[in-house]
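Reader: I am new to reading protein models. Could you pick a single part, take a close look, and then connect that part to the rest of the chain?

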Amino acid sequence: MAKTSKKKASLPLRVLYVSSEAFPLIKTGGLADVSHALPNALAALGVDVRILLPAYRAVLKQVEDLQILGWLDLGAMGEARILQACHPAFRMPVWLVDMAALFDREGNPYTAPGGEDWADNPLRFSAFSKAAALLGSDSLDLGWRPQVVHANDWQTGLTHAFLALEKRPPRRVFTIHNLAYDCQFDFARFQALRLPPHWWSMEHGEFYGKFSLMKAGLVFSDAITTVSPTYAKEICTPEFGYGYASILQHARDRLSGILNGIDTELWDPASDKYLVAHYAPGKDIAKAKRLNRGAMLQAMGYELKRQAMDAPMIGFVGRLVHQKGVDLLLDALPRVLSQTAACFAFVGTGEAALEARLQAIAAEYPERVFIHLGYSEAIGHLLEAGVDIFAMPSRYEPCGLNQMYSLRYGTPPVVRRTGGLADTVIDTTPATLRKGTANGFVFDAPRCGPVGLGLAAGH
Ligand code: ADP
Ligand code: GLC
């Protein structure tokens, strides 16, 4: 008996990691970075991981060695073909839920070309979650039954609900990456999906007269994690809770905030494949930064002029949405431009109004404000390496990865004290300078005060 349990204990833990995006296969934001870095880090520790993604068109184009593992009957939601594939960026097999009618589409995984959510997102991600749950209970008889199923955000919210219908479900971990994004639908849709009727109740997924995939994820999990300790506290308050604060307060004993890590191989200024000059922070990095800045400006389509190369440059990379506070930065810009010599570089895509504001300000200050309205991994890396200060004035930030990339690239971040920004950036004060812990600049108010971002002349 003792012998058997010893043998069992030495087997690697089996984890099914379920996500709707993973770098480099498909990415809209930090969820993709984490869904690449975390499973790989677990695999490096000896954990037996499988990552499960929807078989979007972009993903199918990039993977190799496709094999069919089998077909799953998802009832009213259709039939899913389950594929196994390889990709050099992943240390483990990549599993894909192939349902051409739902996932074989161009572009962004959640939105149609016009920018609006795909109308059938409830079906798409309920089907994905149901397939995940069936794989989590080894319904294909593959001989691989995970002990832990790790689901992420609303897109995977029903995974644990479906697993709860099993006799002996695996342990169910659900991670909140951003509580502000959810998928909610009405009773007619709930019925059309033929979800178990008892799920439409306050104890399960019903949420203010709708059904919420995020709530289902929270309610049906054994452990809820979120991506920083501060955000774990914030989401238990009405201001940051998006209606879920009381649910999370009640779930406090199974809620924890665990700071995201970053992939220190991909984001390494000494070897980053996108940089034209490599460097190590702590050494003399000015020359390398200058070369990377030049490459960044050229990649953005600008000619190299002296001012942009010599002046201090403040950079921003991110989704152009209310969350990121880019409007606050734009409010502060004229003042900072008039009182300092600083230049600005923005890389982002998102809300049309913010894109238009950026275009207007870049047209007004052609020698000092540089923009790339689009998604470019290469320019994002060059910016981290080429600017002097990284601005991340987010209104809220569950974790945030760019401030951590900035720290690694010797580019001090200016951040608002919220979520993961508060947990990773230590404000520069006489005391933190003395202690040697200062690594950036932190402000409290989510508004533009009289001295802008603290970059006005005299600072
Ligand atoms: P969020 O997930 O809220 O968007 P994070 O800071 O966690 O914010 O992660 C954002 C990720 O997406 C980073 O890797 C960032 O560099 C990248 N990113 C966002 N917008 C762009 C863009 N327009 N071009 C290149 N990379 C981008
Ligand atoms: C979300 C959050 C971001 C976090 C990322 C990865 O998109 O907005 O703060 O870093 O998920 O967890």
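Author: Start with a cut-off. A residue counts as exposed when its relative accessible area is over 50%, and as buried when the value is under 20%. Between those two limits, a residue is called partly exposed. Keep in mind that this is a predicted model.

Now the part itself: Glu265. Its relative accessibility is 66%, so Glu265 counts as exposed. Where is Glu265 found? Glu265 sits in a loop, between β12 (255–257) and α12 (286–299). Next, look at Ala37. Along the chain, Ala37 and Glu265 are 228 residues apart. In space, their C-alpha atoms are separated by 9.8 Å.

Hold that pair in mind and step back to the whole chain. Among contacts in the protein chain with a separation of 6 or more, 67% join residues 24 or more positions apart. The chain has 19 helices and 18 strands. Its radius of gyration is 23 Å, close to the 23 Å that the globule rule gives for 459 residues, so the chain is as compact as a globular protein of that length. Along the principal axes, the C-alpha trace spans about 70 × 45 × 45 Å.

What about the surface? The protein chain exposes about 20,000 Å². Carbon and sulfur atoms supply 55% of that area. Charge comes next. The chain carries 46 positive and 45 negative charges. The mean positions of the two sets are 6 Å apart.

Return to single residues. Arg306 lies in helix α13 (residues 306–310). At 68% relative accessibility, Arg306 counts as exposed. Its partner for distance is Glu367, 61 residues away along the chain. The two C-alpha atoms are separated by 9.4 Å.

Glu64 gives another kind of pair. This residue is in strand β3 (residues 64–73). At 42%, Glu64 is partly exposed, because that value falls between the two limits. Glu64 and Val425 are 361 residues apart in sequence, and their C-alpha atoms are 40 Å apart in space. Which residues does Glu64 touch, not counting those up to four places away in sequence? They are Ala85, Cys86 and Pro88.

Now go inside. Buried residues make up 56% of the 459 residues in the chain. The largest nonpolar core has 120 residues. Leu195, Leu248 and Met296 touch the most other members of this core. Helix α5 (residues 121–136) gives the largest share of the core, with 8 residues. Apart from this core lies another, of 23 residues. Among its members are Leu320, Phe344, Leu354 and Phe443.

Zoom in on Leu248. Leave out residues up to four places away in sequence, and Leu248 touches Ile176, Leu179, Leu218, Ile224, Ile235, Cys236 and Leu255.

Gly348 offers a contrast to Glu265. Gly348 belongs to strand β14 (residues 343–350). Is Gly348 buried or exposed? With a relative accessible area of 4%, Gly348 is buried, because that value is under 20%. Gly318 is 30 residues away from Gly348 along the chain. Their C-alpha atoms are separated by 5.1 Å. Leaving aside neighbours within four places in sequence, Gly348 is in contact with Gly318, Leu320, His372, Leu373 and Gly374. Leu320 has appeared already: it is one of the members of the core of 23 residues.

Last, check the backbone. Most residues other than glycine have a negative phi, and most peptide bonds are trans. Three places deserve a look.

Take Arg194. It is not a glycine, yet its phi is positive, about 55°. Arg194 is in the loop between α7 (187–192) and β9 (206–207). Its relative accessible area is 66%, and Arg194 is exposed.

Tyr242 is next. Its phi is near 45°, a positive value in a residue other than glycine. Tyr242 is in the loop between α10 (238–241) and α11 (245–250). Tyr242 is partly exposed, with a relative accessible area of 40%.

Finally, Pro24. The peptide bond from Phe23 to Pro24 is cis, with omega near 0°. Pro24 is in the loop between β1 (14–18) and α2 (30–44).

Go back to Glu265 once more. Glu265 is an exposed residue in a loop, and 9.8 Å separates its C-alpha atom from that of Ala37.

Terms used:
Residues numbered from 1 in each chain as written. Chains lettered and ligands numbered in written order. Predicted model: local features only at pLDDT ≥ 70, side-chain atom pairs only at ≥ 80, totals over all residues. Heavy atoms only, no water. Helix = DSSP H or I, 4+ residues; strand = E, 2+ residues; numbered from the N terminus. Rg over C-alpha atoms; globule rule 2.2 N^0.38 Å. Buried < 20%, exposed > 50% of the residue type's maximum accessible area, 1.4 Å probe, protein only. Contact = heavy atoms within 4.5 Å. Areas by Shrake-Rupley, 256 points an atom, 1.4 Å probe, with all protein chains shown as cover. Lys, Arg positive; Asp, Glu negative; His and termini not counted. Charge placed at Lys NZ, Arg CZ, Asp CG, Glu CD. Core = buried A, V, L, I, M, F, W, Y, C linked by side-chain atoms within 4.5 Å.
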